[in-house]
Amino acid sequence: MIVATLKEIDEIRKMIDRYDSVLVVGCDSCVAECAAGGARETMLLASALKLSYLKDHMNPTITEAVIDRQCVDDFIDQIADQVPEHDAILSLGCGAGVQALARVYSDKAIIPALNTLFIGETQSRGVWQENCLGCGSCKLGYFGAVCPVARCSKKLMNGPCGGSKGGRCEVNPEIPCGWDLIIRRLNALGELDRLTEYVPPVDWSTSHSGGPRKVVREDQQP
Amino acid sequence: MKTESNLEKVLASGRFAVTAECGPPKGSDTAILMEKAKSLLGHIDAVNVTDNQTAIVRMSSIAACSILKNMGHEPILQMVTRDRNRIALQSDIFGAYALGISNVLCLTGDHQSFGNQKQAVGVFDLDSIQLLKTVKDMRDEEKIIGGESIQGAPKMFIGAAANPFADPVDWRVIRLAKKVNAGADFIQTQCIFNMDQFKKFMNQAVDMGLTEKTYILAGITPFKSVGMAKYMSDKVAGMDIPDELIRRMAGVPKEKQADEGIKIAVEFIQQFREIKGIAGIHVMAIEWEHKVPEILELAGLTSERQN
Ligand code: SF4
Ligand code: SF4
């Protein structure tokens, strides 16, 4: 899923203070799972904004809505009736949701309420871990299903750097060393031999380095 | 001989080699650099010039190497993959060799979060082993990454670093083997403080035949004070400093601690000379370069070199 966190109210206010009416739109998919932009968080953010405006003796119209997926037109269309009545949309979707809304409602200002962080998993309750950078050529099969691109702070391909200590990354003891995890996994699987071969430079052209990517599949088109 | 490197000549002759580190200044003041380098001149076989070490912006390592070369030093260009992609790295190798720099040490580099530009993008297009292999292919195959041929191969003597103490410890010698197989002509180790662990590492390296294929220079850093020892132990990535050494430093009065630090360094150097497979030492006397001649003299390593 895409993992995101809510921005500070002050930053959101700076972006939306100029509008008289704002439609606050949540997304019930990834950002609901990471408790940043689902139905509950949308309600809480709308209330917090109303309170904050009240304190400043301002009274903009703030309306709430939640759609299932902000990144798919069929769902985006569900708020079509409410959009014209507002000056702007404050989106609790990820960066993709915000931009999809902007494409569909091309004459409307769309403001992000979240900071979109990464592709990750819910590791335990209240803990989300980044584990994929969408490099476009998945190498997990060679590395015991632990990603050296996303989980090593230096994207190393040929083994841990000299800073790995007690399973922790040199960058920060809060970060598990991705290479420590790779070696442990492959050791447990009896497949450490996968790591002795030299891994040549990565072809980053399949990643974002090759420019913004797009998947087009004719078999899926109407 | 693969290159015209003087360091290669010294190592091939079987003489115990001495290299030392010289960090360029945070600015364009060449006087500071030359002052540091002057104290090392004539005492060592080659000088490592660090590349924005610990991710702190400093004078470019190529520029500093060139200045030191003109002073009569044999520079070793340190190159990290943190700040430059493969286009810039390969281009800099061409340029460095064109300036007469014939040794390179291929590193990944400390993460940018350690330095004074924490907001920077970390490039890490290549890792240190890929850089090493790239320089080797430029030299031996006369090809850049992707296989295009080049005009004028950089005949560089190629080095890599090894940290015998990072985790997982069992993995360290495998990583060394990977570097040697990728073409490391010489290895400079992380500062050695844990002698027992280092001896184990060297035994493994000898058993695997790695010391037949590469020259290993043992890293040494003299403590200036017990404070420095503690700081390095707590704050510097990849250090393994036994408590016993810290206690030894703490056991002498403050004004005697620098001498004690030098004494420890000299003892370590003498022990290195007894370890099978050690071809020399690499002295990293951080902001203490002028003490290197004294350390070498005490270790009995002066008369042998004239650089
Ligand atoms: S190898 Fe690439 S696609 Fe696979 S998990 Fe890592 S970043 Fe994602
Ligand atoms: S400590 Fe581990 S995760 Fe961190 S940069 Fe080094 S190898 Fe990568």
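Here is a friendly conversation about a predicted model, starting with chain A and moving on to its partner and a ligand.

Visitor: How many helices and strands does chain A have?

Guide: Good place to start, since this predicted model is easier to read once you know its elements. In chain A you can look for seven helices and nine strands.

Visitor: Why is chain A described as more spread out than a compact globule?

Guide: For 222 residues, the globule rule gives 17 Å. Chain A is well over that, so it is more spread out than a compact globule, with a radius of gyration of 21 Å.

Visitor: What does the C-alpha trace of chain A span along its principal axes?

Guide: Let's stay with chain A, where 35% of the 222 residues count as buried. Along the principal axes, its C-alpha trace spans about 65 × 45 × 25 Å.

Visitor: What separates the centres of domain 1 and domain 2 of chain A?

Guide: The domain assignment places domain 1 at residues 2-117 and domain 2 at residues 135-200 of chain A. Taken over C-alpha atoms, the distance between their centres is 38 Å.

Visitor: Which helix supplies the largest share of the side of chain B that touches chain A?

Guide: Here 27 residues of chain B are in contact with 24 residues of chain A. Two helices of chain B, α5 (128-141) and α6 (172-182), each supply at least two residues of that side. By class, the chain B side has 11 nonpolar, nine polar and seven charged residues. The largest share is five residues, and it comes from α6(B).

Visitor: Which residues touch the most other members of the largest nonpolar core?

Guide: That core has 88 residues, and its biggest contribution, six residues, is from helix α11 (residues 257-274) of chain B. A second, separate core has 35 residues, including I2(A) and L92(A). Back in the largest core, the residues touching the most other members are V47(B) and C106(B).

Visitor: Which residues are in contact with V47(B), leaving aside its neighbours within four places in sequence?

Guide: Try finding V47(B) in the structure and looking around it. Its contacts include T19(B), A20(B), C22(B), A37(B) and L40(B). Others on the list are L68(B), H73(B), E74(B), P75(B) and I76(B).

Visitor: Which residues are the closest to ligand 2?

Guide: Ligand 2 is surrounded by 14 residues. This shell divides into eight nonpolar, four polar and two charged residues. The closest are C152(A), C161(A), S164(A), C169(A) and C177(A).

Definitions and conventions. Residues are numbered from 1 along each chain as its sequence is written. Chains are lettered from A and ligands numbered from 1 in the order in which they are written. This is a predicted model: local features need pLDDT of at least 70, side-chain atom pairs count only at pLDDT 80 or more; totals for chains, interfaces and linings use all residues. Two residues are in contact if their C-beta atoms, placed from the backbone, lie within 7 Å. Helices (H or I, at least four residues) and strands (E, at least two) are DSSP runs, numbered from the N terminus. Ala, Val, Leu, Ile, Met, Phe, Trp, Tyr, Cys and Pro count as nonpolar, Asp, Glu, Lys and Arg as charged, and the others, Gly among them, as polar. A residue is near a molecule or strand if its C-beta atom, placed from the backbone, lies within 6 Å of it. Domain bounds come from an automatic or database domain assignment. A nonpolar core is a set of buried Ala, Val, Leu, Ile, Met, Phe, Trp, Tyr and Cys residues joined through C-beta atoms within 7 Å. A residue is buried if 20 or more other C-beta atoms lie within 10 Å of its own, exposed if 12 or fewer, and partly exposed in between; C-beta atoms are placed from the backbone. The radius of gyration is taken over C-alpha atoms; the globule rule is 2.2 Å times the number of residues to the power 0.38.
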